[in-house]
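Here is a short tour of a protein chain for anyone who likes to read a structure from the bench. Keep the 3D view open and follow along.

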Amino acid sequence: MSKQRRRDTEPEVALRRILHARGLRFRVNFPIPGMPRRSMDIAFTRARVAVFVDGCFWHVCPEHATAPTANSDWWSRKLSTNQARDAATNEHLVGIGWHVVRIWEHEDPDDAADLVMAAVRGEGGSGTRGKGAESLVEARGEVLGQCL
Ligand SMILES: [Zn+2]
């Protein structure tokens, strides 16, 4: 994949394309139950897996976050609000039995797809989902992104 990213949505589109090619079916921009006006980027409603592809700037990636110098107070408030909102969203989803997978936009889309597939198959550690034979495989998502 190209390292160039001109638009925020490009990594998400790349990930969706790979997931689709691997035979997974999912919803896009699915409303978060109990959280009006918030949605998950990619939703596996039966497996209860919520996937977010987070922009390095807006979600404050540890590798690429930059602090704008103009209006720096405003930006630092804005970005910490974003982080708090992400944390609240994660907590809410986990509380209602969803598994949350967060992918940074800088991550390789194939690696990200592996992480998502492991979560959908029930290998990500959340207890309430139905598990198939694949659940015996020890694949954990913590290597990449944040897998809650
Ligand atoms: Zn990054």
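## A first helix and its surroundings

The buried residues of α1 pack against β1 (27-31), β2 (39-44), β3 (49-54), β4 (99-104) and α3. Those buried residues are Pro-11, Glu-12, Ala-14, Leu-15, Arg-16 and Leu-19. Please bear in mind that this is a predicted model.

## The chain as a whole

With that helix in view, step back to the overall layout. The chain holds three helices and five strands, and along the sequence they come in the pattern α-β-β-β-α-β-α-β. Of the 148 residues in the chain, 30% are buried. Among contacts with a separation of 6 or more, 58% join residues 24 or more positions apart.

## Three helices side by side

The table sets out each helix with its span between end C-alpha atoms.

| Helix | Residues | Number of residues | End-to-end C-alpha span | Expected span at 1.5 Å a residue |
|---|---|---|---|---|
| α1 | 10-21 | 12 residues | 17 Å | 16 Å |
| α2 | 72-95 | 24 residues | 34 Å | 34 Å |
| α3 | 109-120 | 12 residues | 16 Å | 16 Å |

For α1, the span agrees with the expected value. The spans of α2 and α3 are likewise close to what is expected.

How many of the 24 residues of α2 are buried? The count is one, so α2 is hardly covered, given that a residue needs 20 or more other C-beta atoms within 10 Å to be buried. Helix α3, by contrast, is mostly covered, with nine of its 12 residues buried. These are Pro-109, Ala-112, Ala-113, Leu-115, Val-116, Met-117, Ala-118, Ala-119 and Val-120.

## Where α1 meets α3

The axes of α1 and α3 lie 9 Å apart, and the two helices pack at an angle of about 60°. Why is α1 called oblique to α3? The angle of about 60° is neither under 35 degrees nor over 145, and it also falls outside 65 to 115, so the pair counts as oblique. Their crossing is right-handed.

On the α1 side, the residues at this meeting are Pro-11, Ala-14, Leu-15, Ile-18 and Leu-19; on the α3 side they are Pro-109, Asp-110, Ala-112, Ala-113 and Val-116. Several of these names have come up already: Pro-11, Ala-14, Leu-15 and Leu-19 are among the buried residues of α1, while Pro-109, Ala-112, Ala-113 and Val-116 are among those of α3.

## The nonpolar core

In soluble globular proteins, nonpolar side chains tend to be buried together. Here, the largest nonpolar core has 27 residues, and the ones with the most contacts inside it are Val-49, Ala-50, Val-51, Val-101, Ile-103 and Val-116. At least two residues of this core come from each of α1, β2, β3, β4 and α3. The biggest contribution is that of α3, with eight residues.

Val-51 is a handy residue to click on. Setting aside neighbours within four places in sequence, Val-51 is in contact with Met-40, Asp-41, Ile-42, Val-101, Ile-103 and Val-116.

## Backbone spots to look at

Each of the helices has a glycine with a positive phi to look at. Just after α1, Gly-23 has a phi of about 95°. Gly-97 follows α2, and its phi is near 90°. Gly-122 follows α3, with a phi near 85°.

Gly-122 sits in the loop between α3 and β5 (146-147). Is Gly-122 buried or exposed? There are 21 other C-beta atoms within 10 Å, and since 20 or more are enough, Gly-122 is buried. Its C-alpha is 9.1 Å from that of His-99, although the two are 23 residues apart in sequence.

Two residues other than glycine also have a positive phi. Asn-29, in strand β1, has a phi of about 50°. Asn-29 has 10 C-beta neighbours inside 10 Å, and because 12 or fewer is the limit, it counts as exposed. Arg-48 lies in the loop between β2 and β3, and its phi is near 55°. Unlike Asn-29, which is exposed, Arg-48 is buried, with 20 other C-beta atoms within 10 Å.

Methods. Residues numbered from 1 in each chain as written. Predicted model: local features only at pLDDT ≥ 70, side-chain atom pairs only at ≥ 80, totals over all residues. Helix = DSSP H or I, 4+ residues; strand = E, 2+ residues; numbered from the N terminus. Expected span 1.5 Å × (residues − 1). Contact = placed C-beta atoms within 7 Å. Core = buried A, V, L, I, M, F, W, Y, C linked by C-beta atoms within 7 Å. Axes fitted to C-alpha atoms, helices over the stretch in contact; angles between N-to-C directions. Left-handed = near helix turned anticlockwise from the far one by under 90°.
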